[in-house]
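This report looks at two elements of a molecular model, a helix and a sheet. Please read it alongside the sequence and the coordinates.

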Number of protein chains: 2
Amino acid sequence: MVSEDQLIQRVRRRFASTRDGLMVGIGDDAAVLRPGAGKEWVVTTDAFLENVHFVRSVHPAKSVGYKALARATSDIAAMGARARYFFLTLGLPDPCTGAWLDDFLDGMARAARRFGLILAGGDTTKYPVIVASLTVLGEIDRGKAILRSGARPGDFLCVSGKLGGAELGLRLIQQKLQKYKKWPRFLKKHYYPEPRLALGEWLVARRCATSMIDTSDGLSTDLGHICQASGVGAIVWAAKIPMVRVPPELGRLRIDPLGLALNGGEDYELLFTVPKKRAKRLPRKLGGVPITVIGEITREKKVILLGPDGSSMPLQPEGWDPFRKKA
Amino acid sequence: MVSEDQLIQRVRRRFASTRDGLMVGIGDDAAVLRPGAGKEWVVTTDAFLENVHFVRSVHPAKSVGYKALARATSDIAAMGARARYFFLTLGLPDPCTGAWLDDFLDGMARAARRFGLILAGGDTTKYPVIVASLTVLGEIDRGKAILRSGARPGDFLCVSGKLGGAELGLRLIQQKLQKYKKWPRFLKKHYYPEPRLALGEWLVARRCATSMIDTSDGLSTDLGHICQASGVGAIVWAAKIPMVRVPPELGRLRIDPLGLALNGGEDYELLFTVPKKRAKRLPRKLGGVPITVIGEITREKKVILLGPDGSSMPLQPEGWDPFRKKA
């Protein structure tokens, strides 16, 4: 039987844990962090729970560790901040304190390195199901965070990457097709999402974006959040949406790529608005990630989807909500 | 069926959520906090899980909400910091999203007011069991946090309050005696613990303490943490330990008050060390909470319990460890 102290030591060994500004890290009652001059902290917390966010028999432990941290870090990217520190609270069943935990920590350590995060503290408890909660702290210059509330009529609506890939990966898993490994790209998007930290920081540095959110719940829902917070509406041009390509072999699943792109969750792309006169500063790609203008912010507080044939229809928020849908 | 947005609104309404320094609170991707001049942040995270830390059929929802926040805040007190902001991630079963949640939030809001905490963000998810994770941020003048590692040979060992009360409350509950309400004081210590924030800040302001920890796992275990971190040992004078008084009516339970005081968890008192020459600055009580010198730090790296009869024995860490004991 492993003790809590042993467990903490095992977690601790797997992560870098020193950095300028981290005065006290793991091992005391709390961490002590010294802010950089002229900086603000950006803080987010996110739960990652067995049988809601992942299934132990399906999701590799490495993916669970990676994704738990990636999801939370995506909120830091969505403010345009630089990721700095994270805290992990973890409830673990006894059978998961061996190889499963090693793999989980492997995945999380890989994510931490990629995102520039240092583990600053946490808490472990024995529990019948795996429950993780991540707190991530980022730093940003004072007053520079990009909020949901700054979109203005006339702004272009932009999105990074392609939409629907994570949902397609989930469908493959639900159809028990994940073992075939024929479509690793889509599985990767579901298992190992990539918070768009570099793009967020770029937009802050260039003062390009007036509002921003990450597409965790799906475009339709997340655009609704921007419009509500900003008191505006939007027109989305369906033909412009960068959609994931559904492989023809999956024809029998009758997957609608537009539906995936509009309502599929967990892509963790950035959805942001840019004043038209600044739109020319936007590159077509940043670090290999495409940036696409997909619509325009309107004064009228409705969200409209404009079809390729000129038809228009209201775009209802139909993304992921754990209290509305069955888990 | 309640939606996640409705739930967030219900949580949000119950807490104060504005404060100088909180630039962006609940409702965006992340909170934005502006540090005070010359300050450091003290950050802690703590899980509070159904059937490990509380039992739904036994613990009132108000207590669950209060205690979840109090436990985490006690780590802020143990650094000597001022409590500022907290974040709540919450997994809830459907039957708990009504009256149970109202009471839970009532208890947590009362704790937040008492401790001076503002809710700055969080995350809610539907879940078969109640799982909460709290992140609490405090502020402290640069370099002033009191760590576990500063105890020096010759320092007095001091503790606030009385020890063993929370464990006695737990025993009453385990014996199904909590309904009698004959011993509300002990139940209160278990249900509604009080982080010693004022004492922590007082010790920082007076530069009295060389090391500090909160007694969450029991004196024997928590003193072990101080000794290990400081590379020292300690002698504890059993006769000086401020023990909870076990009511004579409970004689049949054969409860050893010294055992409760040494190994009972969850008192959330402050255990700290003070150089002898500064000990005279210590009041006997602060804000009604007694402060007692219970021993001395030694060069020899052993923790010794000195009995009232002059006998001495090693004091083994026998406090709470969720991975060692049965939950």
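What follows describes the helix and its surroundings, and then the sheet. The model is a predicted one.

**Helix 7 of chain B**

Helix 7 of chain B runs over residues 219-230, and its twelve residues span 16 Å from the first C-alpha to the last, close to the 16 Å expected at 1.5 Å a residue. Ten of these twelve residues are buried, so helix 7 of chain B is largely enclosed by the rest of the structure. The buried residues include the run B:Leu219, B:Ser220, B:Thr221, B:Asp222, B:Leu223, B:Gly224, B:His225, B:Ile226 and B:Cys227, to which B:Ser230 is added. Just after helix 7 of chain B, B:Gly231 adopts a positive phi of about 65°.

Among the elements that cover the buried residues of this helix are the following.

| Covering element of chain B | Residues |
|---|---|
| Strand 8 | 211-214 |
| Strand 9 | 233-237 |
| Helix 8 | 257-263 |
| Strand 10 | 270-274 |
| Strand 13 | 303-306 |

**The six-stranded sheet**

Six strands, taken from chains A and B, make up an open sheet of mixed pairing in the order 5(A)-4(A)-6(A)-3(A)-2(B)-1(B). Its edges are strand 5 (118-126) of chain A and strand 1 (22-24) of chain B, each of which has a single partner strand, so one side of each is left without a neighbour in the sheet. On average, and with direction ignored, neighbouring strands of this sheet are turned by 20° against each other.

Strand 5 of chain A pairs in the parallel sense with strand 4 (residues 82-92) of chain A, over eight bridges. Opposite A:Asp123 in strand 5 of chain A stands A:Thr89.

Technical notes. Residues numbered from 1 in each chain as written. Chains lettered and ligands numbered in written order. Predicted model: local features only at pLDDT ≥ 70, side-chain atom pairs only at ≥ 80, totals over all residues. Helix = DSSP H or I, 4+ residues; strand = E, 2+ residues; numbered from the N terminus. Expected span 1.5 Å × (residues − 1). Buried ≥ 20, exposed ≤ 12 C-beta atoms within 10 Å, placed from the backbone. Contact = placed C-beta atoms within 7 Å. Pairing = 2+ DSSP bridges. Axes fitted to C-alpha atoms, helices over the stretch in contact; angles between N-to-C directions.
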